[in-house]
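Me: Please take a close look at a single residue of this protein and describe its surroundings in a connected account. I should like the local picture to come before the wider setting.

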Amino acid sequence: MENVTTLTAARLAGKMMREVRPLFYLELPSTSSFQHVTEVPDYSKQVTPYFFAMIFLEVFIRWMKGMPRVRFNSSIDSLSAGLFLLLTKVLMGSIDISLYVWVHSRFCMYELPWDSALTWIVALLGVDCGYYWFHRMAHEVNLIWAAHQVHHSSDDFTLSSALRQPISTVFFSMFVYLPLALFLPPSLYFTHKQFNLLYQFWIHTEVVDRLGVLEWVLNTPSHHRVHHGRNPYCIDCNYAGVLIIWDRMFGTFQPELREEKVVYGLVHPLSSWNPFWAQVRNQGSLQSSFPLRDPRYTTMYTSRGDWCGGRKEMASHSNCSSFSKVPAGRQGNHASVFDKIFLRFLQMKNHMIQRCRSG
Ligand SMILES: [Zn+2]
Ligand SMILES: [Zn+2]
């Protein structure tokens with residue numbers, strides 16, 4: 001009888017270990033490569049019970065460590081935002097993967113083999129690099145920041161705040177990954193898109209301190225705490241999803257400072273527990289700031305202008321006066337690369353109009 005109980009417990013522990021692996025990107029090419037996109041498991045559904053188990057575990061560890069208690073209303077607000085996202089997925093279906101499959105079927109130039117470990121690694125790097133650029137764009141382009149600020153609207157930094165997601169970002173992000181469709185099979189894209197998102201759950205916590213050498217390569221709770229801070233030194237940095245190497249490569253990396261506690265949330269706080277208001281507040285203020293006939297309308301697509309989005313909102317606010325300034329080494333990084341691309345595009349457009357008129 002005792003043997004049967006031990007065997008059952010061992011099987012259960014093994015099953016749990018297998019199911020929880022996607023949350024930490026601890027999958028192998030041999031167990032997570034699929035030929036067709038329809039064969040890819042719904043990993044988000046698989047790990048949902050572990051979301052809640054880890055949220056309760058975090059509450060317990062914070063209590064054990066004597067840390068401030070997790071605020072119940074803030075957690076409910078975050079979970080509500082997660083439900084909004086779920087509802088959008090039900091209504092919109094898998095619009096992003098459908099677009100990817102369509103582009104792949106028409107424009108694929110060279111198909112990488114779906115069952116190769118090398119392809120699996122290319123998919124990991126490609127999706128993660130795409131996430132870095134999308135996330136950076138979400139902070140540097142007013143229109144997308146208006147959506148992304150939902151994720152930053154919690155004044156707490158807990159596992160439940162990871163679920164606080166804007167409903168509209170998929171409409172922006174799905175285009176960023178399309179270059180991968182020229183060579184990467186949709187099944188690999190879909191698998192790694194899920195792993196990339198799920199990995200980012202566990203890094204939303206204060207109970208894990210620095211992780212030694214892993215801090216050099218991986219996005220960790222320490223790095224992501226900085227990303228969620230509103231201290232000036234925390235503004236617009238550490239955009240990574242899984243690998244922090246992208247921030248180190250593109251000059252947006254900022255380590256956590258021991259001497260200054262990170263203060264979380266938006267500089268102009270939401271001041272509301274209404275999850276619907278969190279989704280629309282900045283969209284409304286952006287649209288009313290730049291109506292269609294306003295000559296500054298194009299500012300919606302850049303980080304310029306006087307609309308209080310992203311870093312300008314934070315840098316000028318009096319809440320920040322007691323904090324340290326942005327480190328000198330990173331000050332120059334804030335000239336948005338997206339501004340330059342957009343302004344170049346505008347120049348080209350004006351040039352073509354002029355040529356048409358003169359011709
Ligand atoms: Zn962000
Ligand atoms: Zn986050």
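Reply: In this predicted model, Cys108 counts as partly exposed because 15 C-beta neighbours lie inside 10 Å of it, whereas a buried residue would need 20 or more and an exposed one would have 12 or fewer. As to its place along the chain, Cys108 is found in a loop, with helix 4 (95-107) on one side and helix 5 (117-140) on the other.

The contacts of Cys108 come next. Leaving aside residues up to four places away in sequence, Cys108 touches Ala181, Leu182 and Phe183. A further distance concerns Pro179: the C-alpha atoms of Cys108 and Pro179 are 9.4 Å apart in space, while 71 residues separate the two in sequence.

The UniProt record, an unreviewed entry, offers a wider frame. Its annotation "transmembrane region" covers residues 47-64, 76-102, 117-134 and 170-190. Two of these spans can be described further. Residues 117-134 are 100% helix and 0% strand, with end C-alpha atoms 26 Å apart. Residues 47-64 are likewise 100% helix and 0% strand, and their end C-alpha atoms are 25 Å apart.

Finally, the protein as a whole. Its secondary structure comprises 15 helices and zero strands. Of its 359 residues, 36% are buried. Among contacts between residues at least 6 apart in sequence, 77% join residues at least 24 apart.

Key:
Residues are numbered from 1 along each chain as its sequence is written. Chains are lettered from A and ligands numbered from 1 in the order in which they are written. This is a predicted model: local features need pLDDT of at least 70, side-chain atom pairs count only at pLDDT 80 or more; totals for chains, interfaces and linings use all residues. Helices (H or I, at least four residues) and strands (E, at least two) are DSSP runs, numbered from the N terminus. Two residues are in contact if their C-beta atoms, placed from the backbone, lie within 7 Å. UniProt positions are given in the numbering used here, feature names are shortened, and annotations may be inferred rather than shown by experiment.
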